[in-house]
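Pull up the model in your viewer and let's walk through it together. We'll start with the open spaces and then move on to the contacts between side chains.

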Amino acid sequence: MGKLIKENDEKGRLHIDTPLLGESLVSKSLLKKTEADEYFRMQPEVNVLKIGGQSIMDRGAKALFPILEELVKAKEKHKILLMCGGGTRARHVYNIGIDLGMPTGVLSKLGDKVSAQNAEMLSVLLAKHGGAMIGHGDHLEQLHMYCQQGYLPITTGIPPYGFFEHPAEVGSIPPHRTDSGACLLAENIGAKSLIYLKDEKGMYENDPKKGNRDTLKFIDKIHVDELIEMDLEDLIVERPVLTFLKNAKTLKSFQIIDVLRHPEHVHAALEGEHVGTIIYKD
């Protein structure tokens with residue numbers, strides 16, 4: 001630990017003598033020294049599940065209720081944090097904002113509100129089973145308490161960048177949306193697993209909804225570096241998620257599963273079984 005030091009003159013400033021004193025924090029050699037052999041995991045028993053907005057929520061009761069039934073069963077055995085996508089309404093507000101010339105940061109704030117609406121609806125539907133909507137702030141330190149007491153915490157998937165959202169490499173749609181938010185949170189709380197609940201069995205070489213899925217190659221399991229190198233035209237998850245996984249300190253993989261046709265796959269995925277597409281780093 002650093003010790004307190006004082007400049008020589010009588011009114012000298014006080015400093016904390018640490019290896020970072022006077023460093024710019026951008027030096028490559030310095031940054032390498034900050035790597036830890038093992039990183040602290042705040043919530044190592046929590047599974048982060050991100051439910052699709054367009055793929056699941058927007059399909060209504062027929063699609064959603066069977067999945068919620070399985071989640072209610074699963075929470076009796078597994079600690080779960082449920083995060084929500086934005087879906088069709090987010091796409092609609094993005095379209096209006098783009099037409100009005102809104103910058104990326106404003107679009108991010110608009111999309112956040114739609115994801116929060118879906119989280120609110122899920123918390124109402126699951127209220128009698130312990131569903132509780134929580135925010136991005138102090139409540140996250142209380143995840144263990146929520147899970148221990150039988151709650152199913154639910155939150156918006158959008159990371160709280162808002163006006164501070166990164167500029168998009170191409171176009172103006174916010175690059176960090178709900179898939180990114182789920183990945184970032186899972187990494188930073190040291191979650192047990194990250195599972196994306198979708199309407200496809202996993203990842204294909206292109207969007208199966210835009211072509212003949214029978215002729216498309218299905219990707220069962222793939223290293224994140226290989227997937228990045230493939231530079232596919234379309235992906236079932238947001239592209240920044242791949243970079244996040246590549247750079248992750250605690251998260252080693254995530255899985256994409258089809259809960260629209262197979263709600264029961266939630267249990268298998270939570271048990272660590274391979275029932276969709278697994279993207280891994282080690």
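**Pockets first, then contacts**

The largest pocket has a volume of about 1,500 Å³. Of the 45 residues lining the largest pocket, those closest to its centre are Arg177, Asp234, Leu235, Val237 and Glu238. Keep in mind that this is a predicted model. If you color by secondary structure, the elements giving two or more residues to that lining are helix H3 (88-99), helix H4 (104-125), H6, S8 and H8. H3 gives the most, with three residues. By chemistry, the lining of the largest pocket divides into 16 nonpolar, 15 polar and 14 charged residues.

The second largest pocket comes in at about 290 Å³. It is lined by 19 residues, and Lys192, Ser193, Leu194, Ser253 and Gly272 are the closest to its centre. S7, S11 and H9 each put at least two residues into the lining of the second largest pocket. The class split there is eight nonpolar, six polar and five charged.

Now go to His176, which sits in the loop between strand S6 (152-156) and helix H6 (178-188). Is His176 buried or exposed? With a relative accessibility of 7%, His176 counts as buried, because the cut-off for buried is under 20%. Its side chain makes a polar contact of 2.8 Å with the side chain of Glu165. Leaving aside residues up to four places away in sequence, His176 touches Ile158, Pro159, Tyr161, Glu165, His166, Glu238, Pro240 and Phe244. One of these, Glu238, also turned up among the residues closest to the centre of the largest pocket.

Val259 is another buried loop residue, at 0% relative accessibility. Look for Val259 between strand S11 (253-258) and helix H9 (265-270). What does Val259 touch, not counting residues up to four places away in sequence? The list is Ile56, Ile67, Leu197, Lys198 and Val266. There's also a long jump in sequence here: Val259 and Leu64 are 195 residues apart along the chain, yet their C-alpha atoms are 9.2 Å apart in space.

Next, the charged pairs. The count comes to 16 salt bridges. In one of them, the side chains of Glu271 and Lys77 meet at 2.6 Å, N to O. Glu271 is in the loop between H9 and strand S12 (277-280) and Lys77 in the loop between helix H2 (61-74) and strand S4 (79-84), so this pair ties together parts that are 194 residues apart in sequence. Lys77 is exposed at 63% relative accessible area, while Glu271 is partly exposed at 41%.

Asp199 and Lys209 form another salt bridge, with the closest N and O atoms 3.1 Å apart. Asp199 lies in the loop between strand S7 (193-198) and strand S8 (203-204), and Lys209 in the loop between S8 and strand S9 (218-219), so the parts tied together are 10 residues apart in sequence. Here Asp199 is buried at 6%, whereas Lys209 is partly exposed at 47%.

One more pair is Lys246 and Asp225, whose closest N and O atoms are 2.8 Å apart. Lys246 belongs to helix H8 (residues 240-247) and Asp225 to helix H7 (residues 224-230), 21 residues apart. Lys246 is partly exposed at 41%, and Asp225 is partly exposed at 34%. Finally, Arg59, Asp199, Glu200 and Lys209 are joined into one network by salt bridges that share partners.

Methods
Residues numbered from 1 in each chain as written. Predicted model: local features only at pLDDT ≥ 70, side-chain atom pairs only at ≥ 80, totals over all residues. Heavy atoms only, no water. Helix = DSSP H or I, 4+ residues; strand = E, 2+ residues; numbered from the N terminus. Buried < 20%, exposed > 50% of the residue type's maximum accessible area, 1.4 Å probe, protein only. Contact = heavy atoms within 4.5 Å. Salt bridge = Lys/Arg side-chain N within 4 Å of Asp/Glu carboxyl O. Polar contact = N/O pair within 3.5 Å; in protein donor to acceptor, adjacent residues only side chain to side chain. 1 Å grid on protein atoms, 1.4 Å probe; cavity = no way out; pocket = protein on both sides within 12 Å on 5 of 7 lines; lining within 4 Å. Points joined across faces, edges and corners; volume = space filled by probe spheres on them. Nonpolar A, V, L, I, M, F, W, Y, C, P; charged D, E, K, R; others polar.
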